[in-house]
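Hi everyone, thanks for making time this morning. Could you all pull up the structure on your screens so we can walk through it together?

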Amino acid sequence: MSDTIHTDTLHVIHARAAGLDVHKMQITATVRLARPGVAAETHTRAFSALPGGLGELVRWLLEHRVSAAVMEATGVYWESVFEALESAGLEPILVHAQHVKQLKGRKTDIADSVWLARICQFGLCRPSFVPPADFRALRKVSRQRHKVVRLRATLRTRIHQVLDGAGIRVGGILSDLLGVNGRRILDGLVAGQAPDAILAGLSGHVRAHRDDLGNALSAPLRPDARFVLKDQLAAFENAEARIAEYDALIRDRLAPHQDQLDLLMTLPGIDQASACALLIELGPDIRVFPSSRHCAAWAGLCPGNNESAGKRRHGKTRKGNPHLRTLLVECAHGAARTHHCQFQGYHKALTVRRGKKRATVATAHKLLRILYRMLTTGQPYRDPHTDYEALMVKRNAPRWIKMLEKYRYPTPDGAATLPDAA
């Protein structure tokens, strides 16, 4: 046996690499040039993060014939730098800040940029997933829409609080306070109408609750509460109008990907709005993730690994894309309430053993892996616990029997006779 020790060598992936330490107003850039037989040569320079500084940065990198540049994903500051490098024909590489973290006590902007340039040159960094430019722009629209939806839910709660604080407990009588009859009641309260006039304008759907509604509306509404209610209703209508505008823009931009949206909507718990949001977060090509497990890990829905000394400890779910994780958890709630599908039984069984929250995350994990398979194969969802043939017969049998009777074909009771041959 030989005692010779062969040391591992790092292979240069990019002979001319750059590392960018990006901040809000300043970018510290280091170019690392590998030369055969001698030590690597480095050049460091600081640039402004304003458009003029970005132009100087791009020209400086092109002068050094840089082929790739690495930067950390810090907030939203990296986005404009990434687009500037991408449009100039350079290869921008976005990395997770935790994966390239420097040692404490040795951290400066220059040291960070030098370290990023070094790991870029030897290919020691794992690039983060960055969707195409059009989907990056749609992400901002979709995420802002989600914030407006949350604002609308907050306004709905505040409207209930105004009425409950005044003793007008209409929200406990009507199933939807912001529905057609609920809006008529709210508009009447804002206009200062009498209870009888408000009740006269309601439809027959609430006829059984007219006495309870009259009792609830007998409570007085003070002028200050009426002013707050009017303001909250106006804000609620504004939020609904904004959501409709967001939806129209998103549907228009995703029109070329309608086939993928139709596939997603075959899954229980996913409607058109959530399908659009999921596609925007995942990007147009799901194959950028090698497998469904990689996709689930990126979304932060798979269990983390925590093993030491041969013992496997409890591993919490790892951090991932928080927006995609939130969307899938919401869809998992809807899938768990869908009758006659595998997700309902799966969620119920896990709830007994692990609790409702863990069961919901596990259902979201299962939902994402099925979604990955659907987008990869292009096949719609078919639930293994559903007999689709029996379901089709149950839905269409009455219509079929009526048509058989109409054209005098034998029916199950045998009353009709065959028609004469033409």
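I'll talk about the cores, then one helix, then a spot on the surface. Please keep in mind that this is a predicted model.

Let's begin inside. The largest nonpolar core has 74 residues. The members that touch the most others are Val170, Ile185, Leu189, Leu229, Leu254, Leu267 and Leu371. Helix H14, residues 356–377, supplies the largest share of this core, with nine residues. Apart from it there is another core, of 24 residues, including Phe47, Ala69, Phe82 and Ala84.

If you click on Leu229, which residues is it in contact with, leaving aside neighbours within four places in sequence? You should find Ile159, Val162, Leu163, Leu186, Leu189, Val190 and Leu221.

Now over to helix H10, residues 272–282. Nine of its eleven residues are buried, so H10 is largely enclosed by the rest of the structure. The buried set runs through Ser274, Ala275, Cys276, Ala277, Leu278, Leu279, Ile280, Glu281 and Leu282; yes, there is a glutamate among them. And what do those buried residues pack against? Their partners are helices H4, H8, H9, H11, H12 and H14. Just after H10 comes Gly283, with a positive phi of about 90°.

Last stop, the surface. Met403, Leu404, Tyr407 and Tyr409 make a nonpolar patch of about 380 Å². Leu404 sits in helix H15, residues 388–406. Its relative accessibility is 31%, so Leu404 counts as partly exposed.

That's my tour, and I'm happy to take questions!

Methods
Residues numbered from 1 in each chain as written. Predicted model: local features only at pLDDT ≥ 70, side-chain atom pairs only at ≥ 80, totals over all residues. Heavy atoms only, no water. Core = buried A, V, L, I, M, F, W, Y, C linked by side-chain atoms within 4.5 Å. Buried < 20%, exposed > 50% of the residue type's maximum accessible area, 1.4 Å probe, protein only. Helix = DSSP H or I, 4+ residues; strand = E, 2+ residues; numbered from the N terminus. Contact = heavy atoms within 4.5 Å. Patch = residues over 30% accessible without salt bridge, like charges linked within 9 Å, V, L, I, M, F, W, Y side chains within 5 Å. Areas by Shrake-Rupley, 256 points an atom, 1.4 Å probe, with all protein chains shown as cover. Salt bridge = Lys/Arg side-chain N within 4 Å of Asp/Glu carboxyl O.
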